[in-house]
Amino acid sequence: MAALQLRNPMHRSHEYLAKIALEVCEGLFIHQLAGKLKEGDIPAEVRVRCVETLVDHYFPPLRVLTGVYPNGDALRRA
């Protein structure tokens with residue numbers, strides 16, 4: 001199992017790394033940091049939906065898991 005941690009929406013270089021990981025590993029865990037991270041960051045909801053859409057449409061089924069870790073203000077409210 002390989003893991004990829006993201007703070008921003010998945011972009012082409014992340015996708016490339018993820019697909020290489022799937023060539024040499026049985027599975028991939030995409031770990032996303034949510035909440036307000038830095039000024040000007042894309043909202044967490046958009047980042048999470050972006051990754052979910054890519055996983056649903058561009059990665060092999062049953063080989064990719066996703067998880068979200070609340071960070072910053074989101075963590076203090078939890």
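**Exercise 1. Helix H2**

Which residues of H2 are buried? Determine also where they lie around the helix axis and what they pack against.

Solution. The model is a predicted one. Step 1: helix H2 covers residues 44–58, and at 1.5 Å a residue its 15 residues should span 21 Å. Its end C-alpha atoms are 21 Å apart, which agrees with that expectation.

Step 2: the residues of H2 that count as buried are Arg47, Val48, Val51, Leu54 and Val55. Because these residues cover an arc of only 130 degrees around the axis, they lie on the same side of H2.

Step 3: on the face of H2 turned away from the buried side, the exposed residues are Glu45, Asp56 and His57.

Step 4: the packing partners of the buried residues of H2 are strand S1 (2–6), strand S2 (28–34) and strand S3 (64–70).

**Exercise 2. Helix H1 and His14**

Determine which residues of H1 are buried and which are exposed on the other side. Then decide whether His14 counts as buried or exposed.

Solution. Step 1: H1 has 13 residues and reaches 19 Å from its first C-alpha to its last, close to the 18 Å expected at 1.5 Å a residue.

Step 2: the buried residues in H1 are His14, Glu15, Ala18, Ala21 and Leu22. They cover an arc of only 125 degrees around the axis, and therefore sit on the same side of H1.

Step 3: the other side of H1 carries Arg12, Tyr16, Glu23 and Val24, which are exposed.

Step 4: S1, S2 and S3 are included in what covers the buried residues of H1.

Step 5: His14 is located in helix H1, which comprises residues 12–24. The relative accessibility of His14 is 16%, and the cut-off for burial is under 20%; His14 therefore counts as buried. Residues up to four places away in sequence not counted, His14 touches Leu4, Leu6 and Pro9.

**Exercise 3. The sheet and the helices on it**

State the order of the strands in the sheet and the sense of their pairing. Explain what is left without a neighbour at the edges.

Solution. Step 1: three strands form an open sheet in the order S1-S2-S3, and the pairing is parallel. S1 and S3 stand at the edges with a single partner strand each, so one side of each has no neighbour in the sheet. On average, neighbouring strands of this sheet are turned by 20 degrees against each other, direction ignored.

Step 2: five bridges join S1 and S2 in the parallel sense. Leu4 has Ile30 as its bridge partner in S2, and Gln5 has His31 as its bridge partner in S2.

Step 3: side chains alternate along S1. Ala2, Leu4 and Leu6 are buried and point to one face, whereas Ala3 and Gln5 point to the other and are not buried.

Step 4: H1 lies across S1, S2 and S3 and runs at about 165 degrees to S1. H2 also packs on the sheet, where it touches S1, S2 and S3, and its direction makes about 165 degrees with that of S2.

**Exercise 4. Leu62**

Where does Leu62 lie, and what is the sign of its phi?

Solution. Step 1: Leu62 is found in the loop between H2 and S3. Step 2: although Leu62 is not a glycine, its phi is positive, at about 70 degrees. Step 3: the relative accessible area of Leu62 is 88%; the cut-off is over 50%, and Leu62 is therefore exposed. Step 4: Leu62 and Gly27 are 35 residues apart in sequence, and their C-alpha atoms are 8.2 Å apart in space.

**Exercise 5. Confidence**

In which helix of the chain is confidence lowest, and in which is it highest?

Solution. Step 1: pLDDT averages 87 over the chain, and 91% of the residues score at least 70. Step 2: confidence is lowest in helix H3 (residues 73–77), with a mean of 48, and highest in H1, at 95. Step 3: over residues 74–78 pLDDT stays under 50, and the model has three contacts beyond four places in sequence for them. Step 4: where pLDDT is low, predicted coordinates should not be read in detail.

How values were computed
Residues numbered from 1 in each chain as written. Predicted model: local features only at pLDDT ≥ 70, side-chain atom pairs only at ≥ 80, totals over all residues. Heavy atoms only, no water. Helix = DSSP H or I, 4+ residues; strand = E, 2+ residues; numbered from the N terminus. Expected span 1.5 Å × (residues − 1). Buried < 20%, exposed > 50% of the residue type's maximum accessible area, 1.4 Å probe, protein only. Arc of directions from axis to C-beta. Contact = heavy atoms within 4.5 Å. pLDDT = per-residue confidence, 0-100. Pairing = 2+ DSSP bridges. Axes fitted to C-alpha atoms, helices over the stretch in contact; angles between N-to-C directions.
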